[in-house]
Amino acid sequence: MQVLENVIERARAKAARVVFPEIGETRVAEAVARMRAEGLCDPVGLAEVSDAQVAALVQARGLKESLARRLLAKPLYRAAAMVAAGEADAMVAGADSPTRRVIEAAGMAIGLAEGVTVPSSFFLMLFPDGRAMIFADCAVTVAPDAEALAAIARASAASGAALLGEARVALLSFSTGASGAGDSVDVVRAAAEATGFIGPVQADAALNATVAAKKGLGAGDANVLVFPSLDAGNIAYKLCQELAGAQALGPILQGFARPVCDLSRGATVEDIVAATAVAVAMG
């Protein structure tokens with residue numbers, strides 16, 4: 001797939017040092033061996049606790065040194081602190097850890113990028129027919145309000161532009177335009193108004209030019225789909241995997257100051273390799 005090939009080449013050119021706190025997990029170990037052999041990145045395991053890691057937590061987060069050292073005893077926190085301290089360029093975790101733990105560690109040690117108010121995530125969806133799309137947010141924010149949904153849409157647009165070359169964003173709903181009403185539609189409408197992206201729009205109108213023309217909203221060529229809730233996004237990406245044979249790479253976390261990838265706990269070796277390449281390429 002051309003998009004994935006491009007991402008892999010970009011990642012290889014960066015020669016990034018990537019920390020894998022779960023490097024002992026069987027799938028991660030196999031993926032790391034493959035990435036090292038193919039020169040995709042410089043994968044490393046956890047380093048010993050360093051003064052720079054402690055300083056990253058003490059200075060950036062205002063923690064007491066004793067608390068910082070206790071946190072650094074935890075693999076996810078130490079990996080995130082390695083990134084914050086410049087001992088690694090990116091962090092890839094989640095094969096054996098819940099998403100919330102990966103986010104907590106990244107939030108504490110790495111922090112959000114300037115101007116970002118909420119972290120979120122996306123999947124790079126690769127379909128058998130060659131299409132590549134961004135689905136967000138499918139892993140982090142359960143029920144975003146209008147402000148959070150707008151933030152997710154902006155972050156996803158940036159991710160889409162970085163990976164796909166162009167981001168055509170649609171904020172999805174069960175309603176297109178003014179055809180329906182309800183609290184969830186109002187949230188999507190407010191987010192669309194705040195960002196200037198298409199929405200609220202039903203999925204068929206977002207993806208099908210003929211339907212879009214009939215409903216009078218957008219061009220029907222979206223490649224970045226922003227879902228109104230975690231329920232909708234998570235269900236959608238898994239249906240695409242199971243029914244359409246799509247490969248879902250991620251979730252890649254958005255909004256952090258440095259690249260962080262939160263793997264699905266069902267990730268295959270191939271998924272881990274590809275998701276790492278996506279995270280590095282965006283760094």
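Visitor: Which residues of strand 4 point one way, which the other, and are they buried or exposed?

Guide: Ser120, Phe122, Leu124 and Leu126 point one way from strand 4, Ser121, Phe123 and Met125 point the other way, and all of them are buried. Buried means a relative accessible area under 20%, exposed means over 50%, and partly exposed is in between, with a 1.4 Å probe and protein chains only. The model is predicted: local features need pLDDT of at least 70, side-chain atom pairs count only at pLDDT 80 or more, and totals for chains, interfaces and linings use all residues. Residues are numbered from 1 along each chain as its sequence is written, and side-chain values use heavy atoms, leaving out hydrogens and water.

Visitor: What makes strand 4 mostly covered?

Guide: The strand spans residues 120-126, and 7 of its 7 residues are buried. Strands here are DSSP runs of E with at least two residues, while helices are runs of H or I with at least four, numbered from the N terminus.

Visitor: How do you know that strand 4 pairs with strand 9?

Guide: Two strands pair if DSSP finds at least two bridges between them. Strand 4 has 6 bridges to strand 9 (residues 247-254), so the pair qualifies, and the two run antiparallel. Within strand 9, Gln254 is the bridge partner of Ser120.

Visitor: How many bridges join strand 4 to strand 5?

Guide: There are 5 bridges between strand 4 and strand 5 (residues 132-136), also running antiparallel. Met125 is placed opposite Met133 of strand 5. The two strands form a hairpin with 5 residues between them, and Gly130 in the turn has a positive phi of about 100°.

Visitor: Why is Asp221 with Arg168 called a salt bridge?

Guide: A salt bridge needs a side-chain nitrogen of Lys or Arg within 4 Å of a carboxyl oxygen of Asp or Glu. The N to O distance between Asp221 and Arg168 is 3.5 Å, so the pair meets that limit. Asp221 is in the loop between helix 10 (209-215) and strand 8 (224-226), and Arg168 in the loop between helix 7 (146-164) and strand 6 (169-172), so the bridge ties together parts 53 residues apart in sequence. Asp221, at 37% relative accessibility, counts as partly exposed, as does Arg168 at 29%.

Visitor: Which residue forms a salt bridge with Glu9?

Guide: Glu9 is bridged to Arg12, with the closest N and O atoms 2.6 Å apart. Both lie in helix 1 (residues 2-14), 3 residues apart, about one turn of the helix. An α-helix has 3.6 residues a turn, so residues three or four places apart point the same way. Glu9 is partly exposed at 48%, and Arg12 is partly exposed at 29%. The structure holds 13 salt bridges.

Visitor: Why does Arg78 have no salt bridge?

Guide: Arg78 lies in helix 5 (residues 75-84). The nearest side chain of opposite charge, Glu48, is 5.2 Å away, so Arg78 fails the salt-bridge limit. For charge, Lys and Arg count as positive and Asp and Glu as negative, with His and the chain ends not counted. Arg78 is nevertheless buried. Beyond four places in sequence, Arg78 touches Leu46, Ala47, Glu48, Val49, Gln53, Leu72 and Ala73, where contact means heavy atoms within 4.5 Å.

Visitor: How do you know that the buried residues of helix 1 line one face?

Guide: Val3, Leu4, Val7 and Ala11 are buried in helix 1. Seen down the helix axis, the buried residues fall within an arc of 95°, so they line one face. That arc is taken from the directions from the helix axis to the C-beta atoms. Gln2 and Ala13, on the other side of helix 1, are exposed. The buried residues pack against strand 4, strand 5, helix 7, strand 9 and helix 12 (269-282).

Visitor: Why is Met35 called buried?

Guide: Met35 has 0% relative accessibility, so it counts as buried. Met35 is located in helix 2 (residues 26-38). Apart from neighbours within four places in sequence, Met35 contacts Phe20, Leu40, Cys41, Ile272, Val273 and Thr276. The C-alpha atoms of Met35 and Ala274 are 9.6 Å apart, although 239 residues separate the two along the chain.
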